[in-house]
Amino acid sequence: MAADEEVVGTVKDQLAKLFEESLRVTVPDQTDTDPLIAACNPRFGDYQCNNAMSLWTKIKGTGSAFTGPQPVGQAIMTNLPRSEMIESCSIAGPGFVNVKLSRQWIAKSIQKMLIKGIETWSPKLRVKRAVVDFSSPNIAKEMHVGHLRSTIIGDTLARMLEFSNVEVLRRNHVGDWGTQFGMLIEFLFEKFPNMEVVSDQAIGDLEASENLFRKLFIYKCSSTYSKVLVYCILGNKVVKVSSVKHWYTVPDNGAFYKASKQRFDSDPGFKERAQQAVVSLQGGKEKYRKAWSQICEISRKGYEKVYQRLGIVLEEKGESFYNPYIPGVLEELGKKGLIEESEGARVIFIEGKKYPFIVVKSDGGFNYASTDLTALWYRLNEEKAEWMIYVTDVGQREHFEMLFTAAKRAGWLPPGDNSYPKANHVGFGLVLGEDGKRFRTRSTEVVKLVDLLDEAKSRCKAALVERGKAEEWTEEELEQTAEAVGYGAVKYADLKNNRLTNYTFNFDQMLNDQGNTAVYLLYAHARICSIIRKSGKDVEELKKTGALVLEHPNERALGLHLLQFAEIVEEACTNLLPNVLCEYLYNLSGHFTTFYTNCQTSPNRWCCQSLVAFVLWGQRRRQADSCCVKRLQRSCGNASIYLV
Ligand code: ARG
């Protein structure tokens, strides 16, 4: 952005400044009174100042000249400095000061934003650098809908913070460490005893293929696993690695995990070897490290596909990354007297919790908790982040409460929840199926992320074909549009709900073009753009002429709503709630539609339309100018809405 000083602050901030001055004059002794400004019922005004009541409680009986909250409110109103912002004020109830903003000022502010850029409307947050820990699937396991929620919500939070000029470290805290790797590695060795021989040749090819475990066909010789042969199918080319006698199919990541778990649970010999493999891996034995990194690499390729589809960027720093730092961190905590012995394990006791926070297991191994403590330490001390945000399902709330309390006890984080550095757990609820139970497929397996995205896309494509688009568009256009709308719909259906509530996954609902869906927003936007295009005018013209006038009440309402963008982003960031932004966008579409219906002859019609487009889709002029429905869907759909 050009400069910090360009940021004007939200409407609320600007009003707060005026009321602060008034409060200084009205109650000079109450120096610590912060102005309380909130949006108000449109029947009374646009905003209200709520200080009178609480001030009255403080000053009554202290010899003040005021006789009740209303006169306090009256004085606050009278002492307000003159400002072009305010058209009129009134007093309601026990001293609320209602403010009606000046429509000229609203128009002028929008015009200014138009000229200087939407960045000047980004809220001022108190942090410079934040970590958003999101997505974070577990290696060798399939990414499921829970990870979908984390990925979508986390990415949106990151975008909102980035828009607010916070440097965001987008962290993929993948589960790439732990005892399960002994099992996975041992299973891999069992299936590929000649792993080292084939690895360079076969694994290289396999990595290029979609998914190792999906594309692998393993040969089992005379019912023993002594000679395992690998076939890799790349497209229609079959690469033979060794000779074949019998097929054994491992269909995907999750299946590989499951198969090895089964083996682990049923064969004590295997179990012992797996436990030994963990020791070898942690001891850094070359063969084991290599197998581990191959397993990770294969899973990673699978995740990348999902991220690419959703346009999501994030940097992997998995659990293994923090492993070398754990002993040092635990030593520090030990010195501070936080760590105690309990039933052979080393633990941190947390007040009010039934179980302690186990940081070293009784077998001496580290765990999820020790890794998270260390990651928090690293983020604070090495990465100098001021805000750590963890996006996982609500099931992990307890873990994070304990983590944050431990960090507070260690003095890493300040007590209380309002000062920085700060850590927040962004929990989310379950995705439910139509039956109201946890979303599952018919075979009671967890639903795979990739399948959901595929289905959303194919449904969109079918709908487009049904509308005759196959004749109008090229196959590529059809594909891209289906992807944009389909993925956008899945994202928006998730984000529009308060993240803590469970929501029902329903394709028909999310792909409906009426109601609160991404498809509806996309159509609203496409319509706005097509009107601008047909008007033959240019947004640049609007910047130069300065002719924005908000006459009709619906025009004013639309203008005011646009202006409230900054405080909505601020609220969404502060409370880590993407649904606040979704609601804003949905209402913006509503305000636009009302304006569009009722102001047919307004000279500002195209101006307002272009402004909505400007805010809705983040000032992408190129798109706003050169749009047609399909192109818009294509270009905006996947990002859905600039921030969301
Ligand atoms: N891998 C974990 C899971 O799938 C989520 C990790 C979340 N991040 C963290 N720092 N604990 O449940």
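Which exposed residues does the face of helix 13 turned away from its buried side carry? The tour reaches that helix after a few earlier stops; please note at the outset that the model is predicted.

**The whole chain.** Begin by displaying the full chain, in which 27 helices and 18 strands are found. Of its 644 residues, 41% count as buried. Among contacts between residues at least 6 apart in sequence, 73% join residues at least 24 apart.

**Residues 13-101.** Next, select residues 13-101, which an unreviewed UniProt entry lists as "domain: Arginyl tRNA synthetase N-terminal". This stretch is 37% helix and 21% strand. The C-alpha atoms at its two ends are 14 Å apart.

**The nonpolar cores.** Now select I76, A130, V132, L157, L376, I389 and A489. Within the largest nonpolar core, which has 128 residues, these touch the most other members. Centre the view on I389. Leaving aside neighbours within four places in sequence, I389 is in contact with A130, V131, V132, D133, L157, N424, V426 and L576. Another core, of 23 residues, lies apart from the largest one; W177, Y257, L281 and I295 are among its members.

**The ligand.** Turn to the ligand and select the residues that surround it: D133, S136, P137, N138, H173, G175, D372, A375, Y390 and T392. By class, this shell has 3 nonpolar, 5 polar and 2 charged residues. At least two residues of the shell come from helix 14 (368-381), and at least two from strand 15 (387-393).

**Helix 18.** Select residues 475-495, which form helix 18, and find V485 within them. V485 is buried, because 30 other C-beta atoms lie within 10 Å, and 20 or more suffice for a residue to count as buried. Add L511 to the selection: this residue is 26 places from V485 along the chain, and the two C-alpha atoms are separated by 8.2 Å.

**Helix 13.** Finally, select residues 326-335, which make up helix 13, and colour its buried residues, V329, L330 and L333. These cover an arc of only 95° around the axis, so they lie on the same side of helix 13. They pack against strand 12 (339-342), strand 14 (357-360) and helix 14. The opening question can now be answered: the face of helix 13 turned away from its buried side carries the exposed residues G328, E331 and K335. As a last stop, select G337, which follows helix 13 and has a positive phi, near 80°.

Key:
Residues are numbered from 1 along each chain as its sequence is written. This is a predicted model: local features need pLDDT of at least 70, side-chain atom pairs count only at pLDDT 80 or more; totals for chains, interfaces and linings use all residues. UniProt positions are given in the numbering used here, feature names are shortened, and annotations may be inferred rather than shown by experiment. Helices (H or I, at least four residues) and strands (E, at least two) are DSSP runs, numbered from the N terminus. A nonpolar core is a set of buried Ala, Val, Leu, Ile, Met, Phe, Trp, Tyr and Cys residues joined through C-beta atoms within 7 Å. A residue is buried if 20 or more other C-beta atoms lie within 10 Å of its own, exposed if 12 or fewer, and partly exposed in between; C-beta atoms are placed from the backbone. Two residues are in contact if their C-beta atoms, placed from the backbone, lie within 7 Å. A residue is near a molecule or strand if its C-beta atom, placed from the backbone, lies within 6 Å of it. Ala, Val, Leu, Ile, Met, Phe, Trp, Tyr, Cys and Pro count as nonpolar, Asp, Glu, Lys and Arg as charged, and the others, Gly among them, as polar. The arc is that of the directions from the helix axis to the C-beta atoms.
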